[in-house]
Amino acid sequence: MADVRAKLAEKSLTLPVAAKPLAAYTPATKTGNLVFTAGQLPLVNGEMAHTGKVGADVSIEEAKHLAEICALNALAAVELVAPV
């Protein structure tokens, strides 16, 4: 995960604190050398960053940013089960 953190730092990004699940699921599960994630939403500080349909309520640029938030949240969930 150190390499991941270095790559994120190059892009001025940091991993958030992993969000608590909003329902009855496990955010990440490790099986062998695989990690599966679930329920990754664009949550920032426990709040939904934005909702809506891309092209109608959400611009392409905003959708890209929201997808980035989801990816960072997924990496934070992975770190819960596969710490450095």
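**Close-up 1. Isoleucine 69 is a buried residue of helix α2 in this predicted model.** Isoleucine 69 has a relative accessible area of 11%, and because anything under 20% is called buried, that is the label it gets. The residue belongs to helix α2. Along the chain, isoleucine 69 and leucine 15 are 54 residues apart, yet 9.4 Å is what separates their C-alpha atoms.

**Close-up 2. Helix α2 runs over residues 60-81.** Count along this helix and you get 22 residues. From the first C-alpha to the last, α2 reaches 32 Å, close to the 32 Å expected at 1.5 Å a residue. Quite a few of its residues are buried, including Ala63, Leu66, Cys70 and Leu72. Further along, Asn73, Ala74, Ala76, Ala77 and Val78 are also among the buried residues of α2. The helix turns up again in the views of the empty spaces: α2 gives the most to the lining of the largest pocket, and it also gives the most to the lining of the largest cavity.

**Close-up 3. A salt bridge joins arginine 5 to glutamate 79.** How many salt bridges does the model have? The count comes to one, so if you are looking for salt bridges, this is the view to check. The closest N and O atoms of the pair are 2.5 Å apart. Arginine 5 sits in helix α1 and glutamate 79 in helix α2, so the link ties together distant parts of the chain, 74 residues apart. Are the two partners buried or exposed? Neither label fits: arginine 5 is partly exposed, with a relative accessible area of 37%, and glutamate 79 is also partly exposed, at 22%. Both values fall in the partly exposed class because it takes in whatever lies between the 20% and 50% cut-offs.

**Close-up 4. Strands β1 and β2 make a hairpin.** Here β1 (28-31) and β2 (residues 34-37) pair in the antiparallel sense over four bridges. To find your way around the ladder, start at lysine 30, whose bridge partner in β2 is valine 35. Two residues lie between the strands. Glycine 32 is in the turn, and its phi is positive, about 65 degrees.

**Close-up 5. Glycine 39 lies in the loop between β2 and β3.** With a relative accessible area of 41%, glycine 39 is partly exposed. Compare its position with that of arginine 5 from the salt-bridge view: the two are 34 residues apart along the chain, and their C-alpha atoms are separated by 22 Å. Glycine 39 also shows up in the cavity view, as one of the lining residues closest to the centre of the largest cavity.

**Close-up 6. Serine 12 and asparagine 45 both have a positive phi.** Most residues other than glycine have a negative phi, so a positive one is worth a look. What is phi at serine 12? It is near 60 degrees. This serine is in the loop between α1 (2-10) and β1 (28-31), and at 68% relative accessibility serine 12 counts as exposed. Asparagine 45 has a phi near 55 degrees and is found in the loop between β3 and β4 (47-48). At 77% relative accessibility, asparagine 45 counts as exposed too.

**Close-up 7. The largest pocket holds about 280 Å³ of space.** Its lining is made up of 16 residues. Nearest the pocket's centre are Pro16, Leu43, Val44, Asn45 and Asn73; Asn45 is the asparagine with positive phi from the previous view, and Asn73 is one of the buried residues of α2. Strand β3 (43-44) and helix α2 each supply at least two lining residues, and the contribution of α2 comes to three. What is the make-up of the lining by class? Eleven residues are nonpolar, four are polar and one is charged.

**Close-up 8. The largest cavity encloses about 110 Å³.** Closest to the centre, among 14 lining residues, are Ala19, Tyr25, Gly39, Gln40 and Leu43. The structure holds one cavity of 30 Å³ or more. Helix α2 puts three residues into the lining of the largest cavity. By class, that lining divides into ten nonpolar, three polar and one charged. Leu43 is worth a second look, being listed near the centre here and in the list for the largest pocket.

Terms used. Residues numbered from 1 in each chain as written. Predicted model: local features only at pLDDT ≥ 70, side-chain atom pairs only at ≥ 80, totals over all residues. Heavy atoms only, no water. 1 Å grid on protein atoms, 1.4 Å probe; cavity = no way out; pocket = protein on both sides within 12 Å on 5 of 7 lines; lining within 4 Å. Points joined across faces, edges and corners; volume = space filled by probe spheres on them. Nonpolar A, V, L, I, M, F, W, Y, C, P; charged D, E, K, R; others polar. Expected span 1.5 Å × (residues − 1). Buried < 20%, exposed > 50% of the residue type's maximum accessible area, 1.4 Å probe, protein only. Salt bridge = Lys/Arg side-chain N within 4 Å of Asp/Glu carboxyl O. Pairing = 2+ DSSP bridges.
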